[in-house]
Amino acid sequence: MSAAYAVAAGQDPFKSAREQAEVMEKHLRSSESMESTHAELEGFVVDEGREYQRRLLQAHLELRAERERPVVVKGADGVQRKHRRLSSRALMSVVGEVDVPRVAYQAPGVPGLHPMDAALSLPDELYSHSVRRYVAESAARSSFDEVVEGLRKSTGAAVPKRQVEELAERAAQDFDAFYSSRAVEVEDTQALLVLSFDGKGIAMRREDLRPATRKAADAGKHKLTKRLAKRGR
């Protein structure tokens, strides 16, 4: 086997991407687009441009697989995988789902290995590292429903809510290990930082006040139209 992925004779894997670019250019030259608003044009180039990007990524993966050459593959278990077969796997990227063709190296009684997966640093799961990063950063400041909607609007990745929750959870799994590995320098000082809080301006439940404070509060005038009324300490 000289190549991992057999592209049809004479076929250029980037042909599909060029066809998409031609479709976009044809539309932007059309009389229809001359009557479009800038918002409609923006929507067109973003949506169709994302599909163009997806096809470019797909073309590169196919070209890379076509150029994959046989190698000696031995796993951590010490077993050499001598049998080769063509295989593929899906990858959900920020520009949409693509197919990753690659060679599977196999041996009886042990899991198959895919050198291309390692070369591309592919995750074990469907979702790319860029998608996972988007989820982790967005989930830190938004609800899971908002993350799902943000992915739909801003990327080509379709990620259900359940998977968004799982990705966010896995993104935080190394939190403790990360901070435990951080070097901590002990300061050689005798100075202390002391903070004092008097709670002034914080409204308290009357039943929780001390008797003297409650009496002062009851005697005070309420001015809630502008700011909290003055309270005794």
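## A pocket beside helix α5 and an open three-stranded sheet

In this predicted model, the second largest pocket has a volume of about 170 Å³. Its lining is made up of His-129, Arg-132, Arg-133, Ala-136, Glu-137, Leu-167, Arg-170, Ala-171, Gln-173 and Asp-174. Sorted by class, the lining of this pocket contains three nonpolar, two polar and five charged residues. Helix α5 contributes the most to the lining, with five residues, and both α5 and α7 (161-171) supply at least two residues each.

Some of these lining residues reappear in the surroundings of Glu-125, which is placed in the loop between α4 and α5. Glu-125 has a relative accessible area of 17% and is therefore buried, the cut-off for that class being under 20%. When residues up to four places away in sequence are left out, Glu-125 touches Arg-89, Arg-132, Leu-167 and Arg-170; of these contacts, Arg-132, Leu-167 and Arg-170 are also named in the lining of the second largest pocket.

The loop between α4 (115-120) and α5 (129-139) also holds Ser-121. The phi of Ser-121 is near 55 degrees, which is a positive value in a residue other than glycine. Because its relative accessibility is 46%, Ser-121 counts as partly exposed, a class that lies between 20% and 50%.

The protein as a whole has nine helices and five strands, and along the sequence these follow the pattern α-α-α-β-β-β-β-β-α-α-α-α-α-α. Of its 233 residues, 25% count as buried. Where contacts join residues at least 6 apart in sequence, 59% of them link residues at least 24 apart.

Three of the strands form an open sheet in the order β3-β4-β5, with antiparallel pairing. Strands β3 (83-93) and β5 stand at the edges with a single partner strand each, so one side of each is left without a neighbour in the sheet. Direction ignored, neighbouring strands of this sheet are turned by 40 degrees against each other on average. The two pairings of the sheet are set out below.

| Strand pair | Sense | Bridges | Residues standing opposite |
|---|---|---|---|
| β3 and β4 | antiparallel | 11 bridges | His-83 and Gln-106 |
| β4 and β5 | antiparallel | two bridges | Tyr-105 and Leu-113 |

In the pairing of β3 with β4, which runs over 11 bridges, His-83 stands opposite Gln-106 in β4. Helix α3 (residues 38-66) packs on the sheet and touches both β3 and β4, while its direction makes about 15 degrees with that of β4.

On the other side of the pairing scheme, strand β4 (residues 96-107) meets strand β5 (residues 110-113) over two bridges, and Tyr-105 stands opposite Leu-113 in β5. These two strands form a hairpin with two residues between them, and Gly-109 in the turn has a positive phi of about 80 degrees. A positive phi is thus given for a glycine in the hairpin turn and for Ser-121, which is not a glycine, in the loop between α4 and α5.

Key. Residues numbered from 1 in each chain as written. Predicted model: local features only at pLDDT ≥ 70, side-chain atom pairs only at ≥ 80, totals over all residues. Heavy atoms only, no water. Pairing = 2+ DSSP bridges. Helix = DSSP H or I, 4+ residues; strand = E, 2+ residues; numbered from the N terminus. Buried < 20%, exposed > 50% of the residue type's maximum accessible area, 1.4 Å probe, protein only. 1 Å grid on protein atoms, 1.4 Å probe; cavity = no way out; pocket = protein on both sides within 12 Å on 5 of 7 lines; lining within 4 Å. Points joined across faces, edges and corners; volume = space filled by probe spheres on them. Nonpolar A, V, L, I, M, F, W, Y, C, P; charged D, E, K, R; others polar. Axes fitted to C-alpha atoms, helices over the stretch in contact; angles between N-to-C directions. Contact = heavy atoms within 4.5 Å.
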